[in-house]
Structure formats: C-alpha cells, structure tokens
There are 2 protein chains.
Amino acid sequence: MKRATAQNVAIEAGVSKWTVIRAFTPGASITEASKAKVLEAAERLNYRPNLLARSLATNSTHQVAVLVDDFANPHKLPFLEKLTASLQAEGLVTMLININQHYSHVHAILNADQRQVDAIVLFGTAFRDEMLTDHKLGRGGPPMFVLARDSQIEGVPAISCDATVAIAEIGKYLLKKGYRRPGFMAGARTLSTALGRRRNFKEFWRTTLGVELVEMSAERYSAEAGAQAARDYLSQVAPEDRIDVLMCENDALAFGAMDVVRSEFGLRVPNDLAIVGFDNAAPAASPAYGLTTYEQPTDQMVNAAIDMILERAPRETVNFQGKLVVRDSA
Amino acid sequence: MKRATAQNVAIEAGVSKWTVIRAFTPGASITEASKAKVLEAAERLNYRPNLLARSLATNSTHQVAVLVDDFANPHKLPFLEKLTASLQAEGLVTMLININQHYSHVHAILNADQRQVDAIVLFGTAFRDEMLTDHKLGRGGPPMFVLARDSQIEGVPAISCDATVAIAEIGKYLLKKGYRRPGFMAGARTLSTALGRRRNFKEFWRTTLGVELVEMSAERYSAEAGAQAARDYLSQVAPEDRIDVLMCENDALAFGAMDVVRSEFGLRVPNDLAIVGFDNAAPAASPAYGLTTYEQPTDQMVNAAIDMILERAPRETVNFQGKLVVRDSA
DNA sequence: TGCACGTTTGCTACCGGTAGCAAAATGTAT
DNA sequence: ATACATTTTGCTACCGGTAGCAAACGTGCA
C-alpha cells in the first residue's frame, strides 16, 4: 500500500490539499471544524507528512552530519550518546559518518553536503587542514564545526577542551607528587593540529624543571597500539633509565600501556611507573585500572556545539575547562 | 552564494537541464562532447546534484535508520563501526537514533518513516513487542529489522546470534570445568524477548545437573548496574552458600561484577567465584579482566542485515553461531 | 440590507530533481 | 540524394510538500 499524500487526504476530507497542510502546520489559519475533519481523514489513511518534500521546499533538513574516525576510543560512546540525545531534543537528527580508509573526509563532506544537512560536525577526527581549505568544500556548503579537537581553520570554529589549562593542571599535580622523569605517548602519526597536548606537556617540563620529555608514538589511538608502544619502550630502555610517569594522549592508549606495564613487565603502577590518561573513559573508574585522567566537560561542549548549529550562539571557537580526576595510577 | 542547480549549469553550458542531468547519470545517453561541456560548466559553478530532490523523485533515500538504546555497552562501538562502514560501502548512510526516556521507539520510527528511510534497524534495543504491533507503525512504512537480538514479531526479521547454541556451549564448558552452583545476572527489567539467554542457561543446569539457577537483576546494562547487583547479592548471601560461577548477560555487567567481587569482597576470580560475560567487548581481552566470554559473529551479522536491506537475501530471521572465548575468569 | 473588515480557503508558482515520450540530429545503406 | 535506423536532446508531467497572494466566506455594525 502506497503512502498517503496530502492530496489523498484532501479528497478523503473533501477539502483542498492546502487545508490539509494547514491542519498539520502549528499556528496556521484554519477553523477547528475543518482541522478536525482533516485529522480524522488523515488518521483513516494513516497520513504522515513527507519530511523529504518539506526539506526540499523549506531548504532545511534538520539533519546534522557527525563524522567520527576513532571507534577504538571507548570515550566516544557516551559522548555520542549525549550528542545524539541533545540534537534530538532540538528536533535534529544525526547522520553518523564513519571516516576510514575507504571513506575519507572529502567523501563524507561531499555526501553530507549533497544531502543538504544543516551542519557538519567533525567529531574528534584527524585531518589535514589543507583537506578543508583545498577542496573548496567550504563555499556554499553547510556550516562546519570541529568538536573535541582544535582547529586552526578560518571559518571552522572548534569546540574543545582547553589543552593548555588541562596540561598545566596535570603537570602541576605530577610535579607536586614528585615525578621527575616524564614521558608522553602520542597516538597515530600526530597531525599538526593534534599536537597540542604533547607540545604543552613538553613545554611544561622544560620550563619548570628544565627536563626533556621522553616521547613515544602509537600507531593508532587504541589500547592495542598503546600496549605495543609501551612494550617497545620498556624493552628498549634499561630499568634505571626509565621514565617515572607516562602521560598518554588518551585513555585508550593508557589502558593498553597499563596492561603491558603491569602484566608483561611486572611493574607496579604507580610505584614503578605512574600513568595518566585523558578523557575519563568508563574503564578508568574501575578498580581494575583506577586511572588518573582528565575529564572534558562533554555536556558543556555538546551544548555549545548545538547552540552554534542553531545560531543561538556566535559561531566562533570556544574552549572549556575540564577537571583532573585523581585515582591510583599517578 | 546559493547552490548551483542543474538549470544554472544548463544555461552556463548552453544546453537544457536534462542534458546536465544526463552528464551526471552513469550510462545515460549523451555524447562525449556535451558531457565534457557540462562537466566543465558544473565545475565552474561548483555544482553537485541535490540528493534530497533526487530522493523525492526516485522514492529512495539510501538512508538507513539505526536505533540504539544501550550506549553503556562498550561492545556497541565496534559493532556500530562495522555497521556504518558496511552501509557506507553500499552507498547507504546511517541515521543514528538514540532511544531513551525522552525519545521512544515510536518517536524514532515515526520520524525515520517520515524521512523516508530505506530501512530501520533496531540495533539491540529493548522494546515490548506490542509497541510494534499496536502502533500500526508497520504498514506502509520502511522495512524493519532487529539486529543482535531476538524478535518474535511477524514481519520483522531478526539477525542474531543463536542463544541456544551459545548458552549450551558455555554451559558445557563450565560443567567440564567443575562448576556446580551457577548464577545468572540479567540486565534491566528483562523484557520477554530478552529472556533468551537466561532461560536457556537455567534450562541447561536443570536438565544436566538438576540444579536451580540463582538469578539476580541489574537495573540497566552497565558496569555500574552490574557492580551494584553483585554487591547486593554478595552482601546478602553467606560465603558458604555462594554460587561458584556467575554468568552475566553481557560484558558490561561482568566488568562491574568482577570489580566488586575482587576489590570490595576480596575474592579471587576464578578461584572463589568464576565469571563469564557475553559479547567479547574490548576490555575483556585486557589482562586487567581476562574475561571468559562469548563472541558474536558481528561481521556476518552485519553482512546479513545489509543483504536483507538491499534485498539480496530473503528477509527472514537468521541465527549465527558465535564462539566461546576462554580466558582466565572461568 | 449593505458594506467593511478579518478570517478561512484555494490558487499559482516553486523547491531540484526523475521518467519516459517526442522531436531533432546524426549515421548508414542503397 | 534519399530512406531509414539509431542516437541524442528537449519536452511535459510528476515526486510531495511550502510560500504568499487572491478569492470566498463570515461577522459586526450602520
């Protein structure tokens, strides 16, 4: 059975299709009598307005594309939950796009654009700035926002957690606790804009203690990659030369690193090697990890993003302050 | 700057808009000469076909709504990754809908329907069957599928992991290992269709050993809820009366339970109490948990779902076999 | 009863594509 | 050069709504 259209309902109710439309338009000029008549006919035919047609005519889809490329990070899930819930509360729907080897940012943005989404949110994805500036993907297309990550790009505001403040807070805490030989584990081949945390951390130790940061890199942002990077480091460096605290770019890396540190090298955390993460993902709170980490104000960030999408707030980069969550690992 | 339309390009290229359309339709009848002319003009105007208009005309959006209600389960993330990637590989796009207190299945299905999605996937969501049968949401709307969960509903095929086989395999393993006093932790107020695992597990022990299953229920499917349920049980039952193995309906519950068992009650896993989960979520593999669990064939399930959506396979309930993943916890 | 005014209803034009037929252009055989 | 087949192009009608104007309707008041 084909879907009923406003025209079908109009005939059923004995009115014109415009009257039918009005019955479904809040605040439209229509008498109670004909509204009732129309709604009854609509009920009989199981009519529901076609939002595709509406979107075409009104030039607004109430759809927001959300690009994600980092499904190995458990922190993404609750963040995504909050984001979708808040979008839905505003009548917006989420188009989730998985950025991977077979589906690039360019693919995704082009597709989202052609589907006339109201906004595109780059949710913590890794990309080269040129990608956005080169491809003239910008002009005429939907507004874009970078969420949970920095952005240097003109016209693409970022909604993120202030890395400078966060790293300073972590650094001060570690300093106070007496750690003196810091290491940092970055994920992936760190793209320019993703270097914030590392650069700030490095700078912190250099200016406060004049100490040089030991750096290591994981292949990706995942527990396995973090485990491998930690394994590489620990097996190459003599015990007496080891760092005494390892800051990981995110919790996923930290979990993998902690696993290796404890079960493969028999080291105690934090006594032999302290570990700090970033994100406060769910397992961090478990006694199995007890990871000291940094929590981003996800609610605030999501709200800010939505305010910008709906133009209730100026579309410009904003930074929020998170908070250090101290547990046993450092 | 407004978006260019086919009509604009037509004028720019000195042809009719239908010729422009043909230049963008693979296999359409058009000479190389005019195609080149059109593409060049299109490039100049930065033209991209409007997929909304196309969808309206062709009655097919290439959008699939995916309903999720269980963001506390870390297993959802890699599953979702696979699902979105595979859909995208087929040219389909994911509309992610978060089912929660403020946004019910009825909301979601109605909205997805009005947006003319090509299919609706209920991805492991908890609902009462009446919801689908009552609300006549079915008739005329997009085809619906239940993924990673059972479904008894006429006309709504399920793509899931065979609970009977899975539970039998787990049961046999536990029996062989010598466990004799089994417990089961269910999540949420278990809805009729979600009872499969529990019922099968209960039946297994009854028929093999004549032993009665100890049952407990968590408030939700999350580590915290699992922790609380385990806490309640352990603090109410005398040590000598305790179960010797606890099967949890999913890994999230198992993680919480294991945390409490070990750190709050000082019990050793598996010696004092063995624990088994279901899903093989990422942390299960970590030495911090080493959880014995059951892995669903997510790839097969996703592929099967997509084959049904695209009508490459008959739209009928299918069950796949997973595999037991033995680790240290049992 | 007639007129002015506000409300309700119907209308045309449009959003940006697609389907499929008819006309025009091109190619081939005689 | 002509007849005919084939390819290419342009056209009308349509997908299912929205915007905003114009006509029809109803009511109050002189």
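Visitor: Of the atoms of DNA strand C within 4 Å of the protein, what percentage belongs to sugar or phosphate?
Guide: This is a predicted model, in which local features need pLDDT of at least 70, side-chain atom pairs count only at pLDDT 80 or more, and totals for chains, interfaces and linings use all residues. Residues are numbered from 1 along each chain as written, chains are lettered from A and ligands numbered from 1 in written order, and side-chain values use heavy atoms, without hydrogens and water. Bases hold the rest of those strand C atoms, and the share of sugar or phosphate is 57%.

Visitor: Which side chain has an N or O atom 2.9 Å from a base nitrogen of DNA strand C?
Guide: A polar contact here is a pair of N or O atoms within 3.5 Å. The side chain of B:Trp18 has an N or O atom 3.2 Å from a base nitrogen of strand C. At 2.9 Å, the side chain is that of B:Lys17.

Visitor: Which helix gives the most to the surface near DNA strand C?
Guide: A residue is near the strand if one of its heavy atoms lies within 4 Å of it; helices are DSSP runs (H or I, at least four residues), numbered from the N terminus. H2 (17-23) and H4 (51-58) of chain A and H2 (17-23) and H4 (51-58) of chain B each supply at least two residues. With five residues, the helix giving the most is H4(B).

Notes: Polar contact = N/O pair within 3.5 Å; in protein donor to acceptor, adjacent residues only side chain to side chain.
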